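User: I am new to this structure and would like to learn how to read its features one by one. Please show me where to begin.

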Amino acid sequence: MVSNHHKLSGDWLSAALQPTATKAARGRIYHRHSAADSRRICSSSDAVMDPGIRTFGGILLLAFLALFGRQVATENDKDFKLCGSWIHGSHSRNLIVNLTTGCKNIIISANDSSLYIRGKITAQCNRSEVWALDPSPGPTHFCVFWEPLLDMLIMEVNNTNTTLCDSHGVQTRCCTDLSSGAQNKSQHHGIVNASIHGDIITGDAIAEYEFKGGVIDCKKEFCDKAVQESRGANMIEDAVMRSKTVGSVDLPCAQSAVVEMNEDFAGYNVTLPAPHSVPANTVPLLHLPACLKPARSKTAKVVCTYFKSSTLFQGSADVLDEVVGISVENEIITHLPEPVRIKFHHSDILANQTAKCVSWDTRKDKEIKWRMEGCKTVHISSKETECCCNHLTYFAILVQVNPTRKVHHLQALTFITAVGCAVSIVSCAVLFVSLCRKRRAKDQSSLVHRGLVVALFLLCLLFVLTGTIANLGQDEVCQFVGALLHYALLSTLCWMAVEVLHTFWMIYMVFSPSPKTWIWYLLGFGLPALPVVILASMGNFYGERMVMPSDDVSKPYRMCWMTESHATLLAHFIINVGLLAAVVSSGCIMLFLVARKIHNRDEWRRNRVAFLSIWGLSCLFGTTWMLIFFEQLSETVVFFFCIINSLQGFFLMLRFYALERMRKKPGFGTDGSSTGSTRQHMLQAQEKS
């Protein structure tokens, strides 16, 4: 955003005045002061200066900002703006200014020959002068801008800006909240079509307008206004840049250090001002490289701003509170050959968290979007992180939770799992219908199988939908889905355990009556609800969870599941891992017992039947889930785990139809014959009737 200011000198309106940009084009960066040895660590060999950006391209962009930014400056930065048309006579005309310090009023009046601006409104500016104006024909359009924070009074006449009172720094107490006072009408000459911030006061000719002021804490007022704006941080840096201060500027919402780069600028280490009650050794430290100074400028100012709170950066829940911004006067800085070095001091970064340097490029993104491009992250310790960046913008530390490790090939794994679960959903639906047809036979094995199929169907369905639901941003819905997904997982594991118990009962307790069906259903559907209800009632156990890819942690996979905390991690290991270990170990033992019991039979020597026996029972008993305990060994194990277990419903369906087909062959019966009984033990050991 660019404003045009000119000093009055002689016949100022008749002079050919060239606009001078006084606001920095927006560039931001987080910085930190680093030792000499960190220069080698942060050196970026691939950072190349783009001369087009720094010269011709930069000039074009600044020209665009000058055209676009002028309106923004007028509407958002000025506390008072009065515009109108001066109806005057045809003879010589004057501008008469008489301003003194204090806070009473400002009077803007006009007659046939003079336009007056007088009053007691400024903090440090005293000015009393008369200028002869160019005798142009017709009404003269003018605007008066008052910026109490900077103690600046600007006059615009026929689209030419002139500074009547220049800034003397950011003011603590200032005169503002100007309210309308007396208005004296005029018959022929005066001000017509007067407006305040674009709102018409009256179309009549008025000889004199009076506006009364009051003293306020303008720093606090300015910060309160900035917090409500979508780009409040920009407002703060612009105000500090235009204040013409060199050194420290203290605001309630930010602290700035203004550095002037001269011709002999060789780099500079900046210690940002510390807010009240904040130890000086905890604020970020910066190193500004020598290449930061534009070669074509003799001098240039850099504004380094420290935001202790990320309140001004709405939607920045994932970044640490500290944010730092840097602007170079009238420059867009990118592709620095030597990076700016930034050292953040922060609370402990846990072992299951990832800290990355990120920036918000306001030229690319209107809304706040933290990107990792252009910055290298150097982890000094759990409480210190250094950012080495080849551009200027707003910078922060992004902290994301990664409870185990970053997942390689996350996109491929997500696709494989989604396809496998979709196939299992269809397979479970088909298998459930087939099992329901066996109700009339009062086959308890079919009832047990149906419980596993229903639980597995619910698990696959929720797993497919959890990513979509998490991206909706509905916290309460995500908490409910996370709890439901946890219940589906526990129910599936419990039904696998039921399959193991039922098989054991059918083989080793042949002469004992089987437990009632409702007991199996209580274990499979009732028992898993108990821990889920307890955790849900305690709160903060279910919600959005992120899985980080290894190549770009800025694009995590979001799902509704158990949240990340020490209590949740403890519950995960006790309930989930504990139950999984029990199911897998009991399933392996049961497989061994079944194999030992039938391995001497003639059918076992047929490879096809032996494979179907072990594989079918493995799907029932959940032994394929043991791969999760070996995922650290190889990425191949992770792929096998996702493929095999996402297709578990499909394998169960194949097992069922393979069994049905073999039952129809001669010699396979349910009459207790040796051949039929042997094959039953191998393919469906627990379905002996």
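**Reading a predicted model**

Analyst: Start with a single residue: Ile87 is found in strand β1, which spans residues 80-87. Keep in mind that this is a predicted model.

User: Is Ile87 buried, exposed or partly exposed?

Analyst: Its relative accessibility is 25%, so Ile87 counts as partly exposed. The cut-offs matter here, because buried means under 20% and exposed means over 50%.

User: Which residues is Ile87 in contact with, leaving aside its neighbours within four places in sequence?

Analyst: Ile87 is in contact with Asn111, Pro139, His188, His189, Gly190 and Val192. Distance along the chain and distance in space are separate readings. Ile87 and Ala110 are 23 residues apart in sequence, while their C-alpha atoms are 8.2 Å apart in space.

User: How do I read the protein as a whole?

Analyst: Begin with the counts: the protein has 15 helices and 25 strands. Of its 689 residues, 51% count as buried. The accessible surface comes to about 31600 Å², and 58% of that belongs to carbon and sulfur atoms. For contacts between residues at least 6 apart in sequence, 71% join residues at least 24 apart.

User: Where do nonpolar side chains tend to be in soluble globular proteins?

Analyst: In such proteins, nonpolar side chains tend to be buried together. In this model, the largest nonpolar core has 43 residues, and those with the most contacts inside it are Leu431, Leu459, Leu493, Trp495, Tyr542 and Trp625. Several elements each supply at least two residues of this core, including α6 (410-436), α7 (444-471), α8 (475-508), β25 (557-562) and α11 (566-598). Helix α8 gives the largest share, ten residues. Looking at one member, and not counting residues up to four places away in sequence, Leu431 touches Val453, Leu652, Met653 and Phe656. Apart from this core lies another, of 38 residues, with Ala226, Met241, Val323 and Ala396 among them.

User: Which residues of helix α4 are buried?

Analyst: Helix α4 covers residues 218-228, and its buried residues are Cys218, Lys219, Phe222, Cys223 and Ala226. They lie on the same side of α4, because they cover an arc of only 135 degrees around the axis. Among the elements that cover these buried residues are β9 (173-185), β12 (206-217), α5 (232-242) and β13 (247-250).

User: Which residues make a nonpolar patch on the surface?

Analyst: A patch of about 870 Å² is made by Leu501, Trp518, Ile519, Leu522, Leu523, Leu527, Leu530, Ile534 and Met538. Helices α9 (517-526) and α10 each supply at least two of the patch residues, and the largest share, four residues, comes from α9. Leu522 has its place in helix α9.

User: What sign does phi have in most residues other than glycine?

Analyst: It is negative in most of them. A positive value is therefore worth locating in the model. His335 has a positive phi of about 55 degrees although it is not a glycine. His335 lies in the loop between β18 (319-328) and β19 (340-345), and is partly exposed, with a relative accessible area of 38%. In Asn540, also a residue other than glycine, phi is near 65 degrees. Asn540 lies in the loop between α10 and β24 (542-547) and is exposed, with a relative accessible area of 70%.

User: When can side chains of opposite charge pair?

Analyst: They can pair when their charged atoms come close. The structure holds nine salt bridges. In one of them, the side chains of Arg127 and Glu129 meet at 2.8 Å, N to O. Arg127 is buried, at 18% relative accessible area, whereas Glu129 is partly exposed, at 32%.

User: Which parts of the chain does the pair of Arg296 and Glu331 link?

Analyst: Arg296 forms a salt bridge with Glu331, with the closest N and O atoms 2.8 Å apart. This pair links distant parts of the chain: Arg296 sits in the loop between β16 (285-288) and β17 (300-307), Glu331 in the loop between β18 and β19, and they are 35 residues apart. Arg296 counts as partly exposed at 45% relative accessibility, and Glu331 as buried at 5%.

User: How many residues apart are Arg558 and Glu544?

Analyst: They are 14 residues apart, with Arg558 in strand β25 and Glu544 in strand β24. Their salt bridge has its closest N and O atoms 2.6 Å apart. Arg558 counts as partly exposed at 25% relative accessibility, and Glu544 as partly exposed at 36%.

Key. Residues are numbered from 1 along each chain as its sequence is written. This is a predicted model: local features need pLDDT of at least 70, side-chain atom pairs count only at pLDDT 80 or more; totals for chains, interfaces and linings use all residues. Side-chain values use heavy atoms; hydrogens and water are left out. A nonpolar core is a set of buried Ala, Val, Leu, Ile, Met, Phe, Trp, Tyr and Cys residues joined through side-chain atoms within 4.5 Å. Buried means under 20% relative accessible area, exposed over 50%, partly exposed in between (1.4 Å probe, protein chains only). Contact means heavy atoms within 4.5 Å. Patches are made of residues with over 30% relative accessible area and no salt bridge: like charges are joined within 9 Å, nonpolar side chains (Val, Leu, Ile, Met, Phe, Trp, Tyr) within 5 Å. Accessible areas come from the Shrake-Rupley method with a 1.4 Å probe; for residues, only the protein chains shown count as cover. A salt bridge is a side-chain nitrogen of Lys or Arg within 4 Å of a carboxyl oxygen of Asp or Glu. The arc is that of the directions from the helix axis to the C-beta atoms.
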